[in-house]
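This report looks at how one protein chain is arranged, beginning with its domains and then turning to its sheet.

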Amino acid sequence: MSLLSVRDLTVSFPTSDGVVRAVRGLSFDVEAGQTLGIVGETGSGKSVSALSLLGLNPGADISGSAVFEGTELLALRQDKLRRVRGAEIAMIFQDPLSSLHPYYRVGWQICEAIRTHRRTSREEAMRQAVELLRMVSIPQPERRVHAFPHELSGGMRQRAMIAMALALRPKLLIADEPTTALDATVQAQLMELLGGMQRELGMAMIVITHDLGLVATVADSVLVMYAGRGAERADYRAIFRSPHHPYTRGLLASIPGAAGSGGRLVPIVGQPPSLIRIPSGCAFHPRCPFAMDVCVRDQPPFVPVRGGEGHLSACWLPPDAVGVDAAADAARQRFVEGRRGPAIARLRAAISGARAGGGVAHG
Ligand SMILES: Nc1ncnc2c1ncn2[C@@H]1O[C@H](COP(=O)(O)OP(=O)(O)OP(=O)(O)O)[C@@H](O)[C@H]1O
Ligand code: SF4
Ligand SMILES: [Mg+2]
């Protein structure tokens with residue numbers, strides 16, 4: 001049994017502009033001691049999915065199931081969820097200043113995190129705080145434990161947040177964009193640190209990022225999200241060597257120097273859709289170079305494809321249309337010819353009209 005099993009998670013926010021359908025039937029599993037990378041462009045529903053598991057999305061309509069060690073998280077009362085948060089499942093938030101309080105010293109905040117869940121004397125908690133700061137490679141932890149968050153550099157603050165998240169030795173750590181806003185060297189160091197901590201503590205991890213290149217360094221498996229849904233899910237090797245979904249293919253081509261980019265950086269054309277007006281059928285169809293009429297009409301289900309065991313893709317291309325090289329793209333192209341009819345002609349006309357008029361029409 002998986003440590004965490006999420007099935008058909010659906011999250012929407014009623015707003016004055018309409019209903020924001022942030023997550024639409026998302027399913028995934030996290031195995032004990034393993035790392036799942038969740039990847040997607042901005043607004044694809046990564047953070048909302050994670051926050052929903054921990055009851056941190058006030059005002060949202062949530063349905064589906066999220067079973068953690070046999071307990072349905074989505075049905076837990078707030079007081080029980082508070083016990084799970086931190087002690088069983090810890091989260092590193094996208095913005096370090098949102099979880100480190102500016103007015104309190106770092107060590108005090110770690111002590112409080114420990115003492116909220118465990119009966120521990122203040123002295124013992126402080127000793128553990130120093131140890132945790134040492135574990136995340138903060139130099140002079142005996143001194144830094146007395147620092148205020150603003151006295152630490154961005155990288156140090158992220159390390160302090162990791163220390164706080166690890167304070168209770170959670171079974172699952174969710175790290176939401178743990179390294180954005182940091183320079184590339186610090187990013188790499190932090191990812192290495194997280195990977196090391198994960199192995200040392202035997203915990204499972206969900207690493208959320210828009211950077212497919214970054215997950216390669218830590219993830220065992222990868223879930224690619226687009227417009228609130230799973231687009232592709234596979235072992236990390238299969239994602240990099242034999243992607244099936246054209247969106248994953250596009251993400252890979254936009255990593256400079258990655259296989260399939262042909263040495264060039266090829267960004268995906270267009271923008272992610274509004275989650276109030278989501279395109280019909282496959283939500284990626286207005287941006288997809290392989291879109292067919294069926295894509296405009298019907299939403300593709302997650303089905304197994306030929307990239308390796310457990311490799312799933314939500315795309316109408318045939319199951320063997322995998323790979324990043326020119327031959328694989330040519331095979332995809334041959335398949336779509338003859339499957340393009342009036343719907344695609346209308347779509348192309350709408351897109352070129354919108355470009356000429358400065359707007360983009362969907363669906
Ligand atoms: N409280 C809210 N009310 C209304 N809409 C919301 C709310 N929280 C999130 N959203 C919307 O839900 C969608 C998904 O947001 P989410 O934060 O999960 O994206 P993300 O994939 O984490 O993106 P990023 O990479 O920018 O962090 C976005 O369109 C966002 O504007
Ligand atoms: S279902 Fe169609 S539009 Fe969607 S990714 Fe596959 S080929 Fe492209
Ligand atoms: Mg986010």
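What distance separates the centres of domain 1 and domain 3, taken over C-alpha atoms? The centres of domain 1 and domain 3 are 26 Å apart when taken over C-alpha atoms.

## Basis of the model

The model is predicted, and local features need pLDDT of at least 70, side-chain atom pairs count only at pLDDT 80 or more, and totals for chains, interfaces and linings use all residues. Residues are numbered from 1 along each chain as its sequence is written, while chains are lettered from A and ligands numbered from 1 in the order in which they are written.

## Domains and their contact

The domain assignment, whose bounds come from an automatic or database source, gives domain 1 (1-88 + 170-219), domain 2 (98-166) and domain 3 (248-356). Between domain 1 and domain 3, 13 residues of the former are in contact with eight residues of the latter (C-beta atoms, placed from the backbone, within 7 Å).

On the side of domain 1 that touches domain 3, strand 2 (18-30) and helix 9 (212-215) each supply at least two residues (helices are DSSP runs of H or I with at least four residues, strands are runs of E with at least two, both numbered from the N terminus). Strand 2 gives the most to this side, with five residues.

## The sheet

Eight strands form an open sheet with mixed pairing in the order 6-7-8-3-9-10-12-11, where pairing requires at least two DSSP bridges between two strands. Strand 6 (89-92) and strand 11 (303-304) are the edge strands, each pairing on one side only.

Strand 7 (residues 172-176) pairs with strand 8 (residues 204-209) in the parallel sense over five bridges, and L173 stands opposite M205 in strand 8.

Note on methods:
Contact = placed C-beta atoms within 7 Å.
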